[in-house]
Amino acid sequence: MKWVFAGAFVLLCLLAIPAYRGSHDPVTAGKTRIVWISDDNPVRKGQIELFNKTHPSIELKIDPTNAGMEKVIVQSLAGVGPDLFDCYNPFQLSAYVRAGIAADITDDMLKAGVDVGKIIWPAVKVTCVRDERAYGFPCNAACDAVWFNKKLFEEARIPYPDHQMTWDELIALAKRLTVREADGRAKQFGLLCDWWQWQSFIAMWGGSIFSADGSQCVVDSPEAIAAVQFLHDLIYVHKVMPSPADEASATQGGWGSGTISFFSGDKGAMAFGGRWWLCTLRMSKDLRSGVMPAPFGPGGVYRGYGRSTLVSANSKNRAAALEFMKYLAGPDYNQLLNDQGDALAPVPAYCQGERFLHNPEYPQETDNQVWADAMAKGVPDQVSPYVNGNLANRILTKQLDLVKNDQKTAADALRSAAKRINEEIAKGRAMAAAAGVAGRAGTAEKTGGRP
Amino acid sequence: MFSLVVSATNWSLTREEPFRFVGLANFAQLFGDKEFWQYFINTGYLMLGMPIAIAGSLCLALLLSQKLRGVVIYRTMFYLPSFTSGVALLILWKALYNPQFGPINAALGPIFQWFGGQAPEWLLSTKNLLGLHAEDIRLVWAQFGLGARDAMIFMGIWISIGGSNMLLYLAGLSNIPQELFEAAQIDGAGPWATFRHVTWPQLAPTTFFILVMSFIGGLQGGFESARVLTAGGPAGTTTTLAYYIYTKAFEEFQIGYASAVSWVLFIIIAVVTLLNWKFGSRETNDA
């Protein structure tokens, strides 16, 4: 028996050699390798290939397995972090900066002729610029509009929408386009919208989560309550949107999210979503889609969001990482991103003109101006310097779950959430006062600065 | 030990305030933390399936200890869930629990409709068999029903019935001296009397061990299923203490507070185990 165990041990050791070699891909001679933690959206491959082609001395590699704020922070603090990592909202940026793992690249970028805060869409500035210091550069930018499925409109003998509607008009249209089986089960929905887009509705309705200075949670304002109640009513009163049970039948979230699958699978006639859907929708060869501007809420604005890539303060390849930042700001990347349909290019200057409006590879896509117009009306997400953003988000999610499941009214849920978040803010302010600093972050951090 | 030291600090990975020792402040905060108690109750609720799972393992072991043809194949089949990837199993159960297209509701739907009700929404619902309120620590009739917590319990029973508990019982059964069964037979004992007076007492040490391990596992558990199936929702109803520790440490980056919760969980487990030893071992010896 002992020889069996010894043999198995030797075999495992031998197998470990190719496994080790496979996991330690050697760097090509004369090249500097930089690692980018990002999601594994298929379009990322083209973005990396173009960078590697235009920067022969650098080898950019993606690491999707370590995506996640907790992994980035823990690995970076332990000295084994990436050179570049993604940031999705102002809270994440604030946390990365405070943790000391996001590098201030303002001066380096200025030397290269790039004033980050000035050349990007204002709505995504909060994901990479804090207190007027730049820590990265946006990879894309998005505001939502309404996608429509031309085939389902034709089947219903309804002309394609050709103007910006009011919400009342859109609901009436969605009702006509909702088709149910004899047992009442929906065969096709008039409108699709991911529940996590509640923030978009609050922005559109002129509400906000925090007050301008971040000292108070105001998600219980009449505007915010009306926005969330409206989203609830789309499911339960107007019955044009999938309920949580309907949604459970769709796939997981992310770049191939359930709502996109529903829409591309002819299960929804219209859908509230961003241009970033395009890179997934193009995979559905039979889908013929169009885009119209989303109706305005009382606020007359849209929620802007996006993804930035930040440079690690612990990167041993800072110069190469900065090259990637310059690449994100340059024409090659911006035009590629617009062509790929991974939302909008982060630099507005590239979101205009013939090159942007008419992609010769996809001549049927004639609605690009809608996205650029929406983005111009984008307002940024907000953050309070006195409360942990993930904690605030968890409190809100818990309450919004109850609204989504029709167990609580929007007013009750948002009042509960605001009360709880304000308790946390009070604690944060007390801590800040005790520590003798201006805010929880130790800086006069401001919120999004909505127009 | 490091985490014990950390539990006395305000350590946050995002450096929200200067690092300092706070003594027992985290523990004091914890006892006033409504969420902590809610998730403690969730953890206890999810352990309600434990007796059924243990009894099921015993029944299965009794069946599989019979001299049947192909018994090894049966044992392997029942043990399959234990060596199948946990995440794969959870995704399978997510599909089974789908309220619209899942086979469970396809089977149960007509029964519920016959009684004038609707099939449960399982992982999407905050309802539960005790009527626990979704936000507060109290019982309400409106919450009575089948929901995410119950779905977790049924899935846990299925996974654990054929698992290591069954193997332990099989080992325990094979260790019972054959003479005892023969003596019972000579005395005219039927199957139930043999089980009650021979098998069950002889298996008492095994049952005691399984009980202790199940309590420990139950109090530590719930993370994987909550992470994959529900993200702790809906409205926090499937968040257990283990998941809360993860949330506090790696989503909200409050390492000091998360360490304090970990130590309280450790103390709860230690106390429950000691109580088990104190009362359980006495019962075992009496048996």
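# Note on a two-chain predicted model

1. Start with one residue. Leaving out residues up to four places away in sequence, Gln143(B) touches Gln407(A), Thr126(B), Lys127(B), Asn128(B), Gly131(B), Leu132(B), His133(B) and Ala134(B). Contact here means heavy atoms within 4.5 Å.

2. Ground rules. This is a predicted model, in which local features need pLDDT of at least 70 and side-chain atom pairs count only at pLDDT 80 or more, while totals for chains, interfaces and linings use all residues. Residues are numbered from 1 along each chain as its sequence is written, chains are lettered from A and ligands numbered from 1 in the order in which they are written, and side-chain values use heavy atoms, with hydrogens and water left out.

3. Back to Gln143(B). Gln143(B) sits in the loop between helix H7 (103–114) and helix H8 (148–161) of chain B. Helices (H or I, at least four residues) and strands (E, at least two) are DSSP runs, numbered from the N terminus. Is Gln143(B) buried or exposed? Gln143(B) is buried, at a relative accessible area of 6%. The cut-offs are under 20% relative accessible area for buried, over 50% for exposed, and partly exposed in between (1.4 Å probe, protein chains only). The side chain of Gln143(B) also reaches the backbone oxygen of Thr126(B), at 2.9 Å.

4. The interface. In chain A, 32 residues are in contact with 34 residues of chain B. The size of an interface is often given as the accessible area lost when the parts come together. Chain A and chain B bury about 2800 Å² between them, with 47% of it on carbon and sulfur atoms. Buried area is the accessible area (1.4 Å probe) that two parts lose on being put together, summed over both.

5. Polar links across the interface. There are 15 residue pairs in polar contact between chain A and chain B, both residues at pLDDT 80 or more. A polar contact is a pair of N or O atoms within 3.5 Å; within protein, one must be able to donate a hydrogen and the other to accept it, and residues adjacent in sequence count only if both atoms are side-chain atoms.

6. What chain A brings. Five elements give two or more residues to the side of chain A that touches chain B: helix H3 (69–77), helix H4 (90–98), helix H11 (244–248), helix H18 (389–404) and helix H19 (410–435) of chain A. H18(A) has the largest share, seven residues. By class, this side of chain A has 13 nonpolar, eight polar and eleven charged residues. Ala, Val, Leu, Ile, Met, Phe, Trp, Tyr, Cys and Pro count as nonpolar, Asp, Glu, Lys and Arg as charged, and the others, Gly among them, as polar.

7. Salt bridges between chains. A salt bridge is a side-chain nitrogen of Lys or Arg within 4 Å of a carboxyl oxygen of Asp or Glu. The structure holds 28 over all chains. Five salt bridges run between chain A and chain B. One joins Glu135(B) and Lys408(A), at 2.7 Å from N to O. Another pairs Arg394(A) with Glu35(B), the closest N and O atoms being 2.8 Å apart. Why does the pair join two chains? Arg394(A) lies in helix H18 of chain A and Glu35(B) in helix H3 (residues 34–46) of chain B. Arg394(A) is buried at 16%, and Glu35(B) is buried at 7%.

8. Salt bridges within helix H19. Lys419(A) and Glu423(A) meet at 3.9 Å, N to O. Both lie in helix H19 of chain A, four residues apart, about one turn of the helix. Lys419(A) is exposed at 57%; Glu423(A) is partly exposed at 41%. Lys427(A) pairs with Glu424(A) at 3.2 Å between the closest N and O atoms. Lys427(A) is partly exposed at 42%, whereas Glu424(A) is buried at 13%. Salt bridges that share partners join Arg394(A), Lys398(A), Arg420(A), Glu424(A), Lys427(A), Glu35(B), Lys248(B) and Glu252(B) into one network.

9. A sheet in chain A. Five strands form an open sheet with mixed pairing, in the order S8-S9-S10-S7-S11. Its edge strands, each paired on one side only, are strand S8 (179–180) and strand S11 (289–292) of chain A. Two strands pair if DSSP finds at least two bridges between them. Strand S7 (residues 145–149) and strand S10 (residues 268–273) of chain A run antiparallel, joined by four bridges. Trp147(A) stands opposite Ala271(A) in S10(A).

10. One buried asparagine. Asn338(A) lies in helix H15 (residues 331–340) of chain A and is buried at 5% relative accessibility. Setting aside neighbours within four places in sequence, Asn338(A) is in contact with Arg275(A), Ala343(A), Leu344(A), Ala345(A), Tyr350(A), Cys351(A) and Phe356(A).
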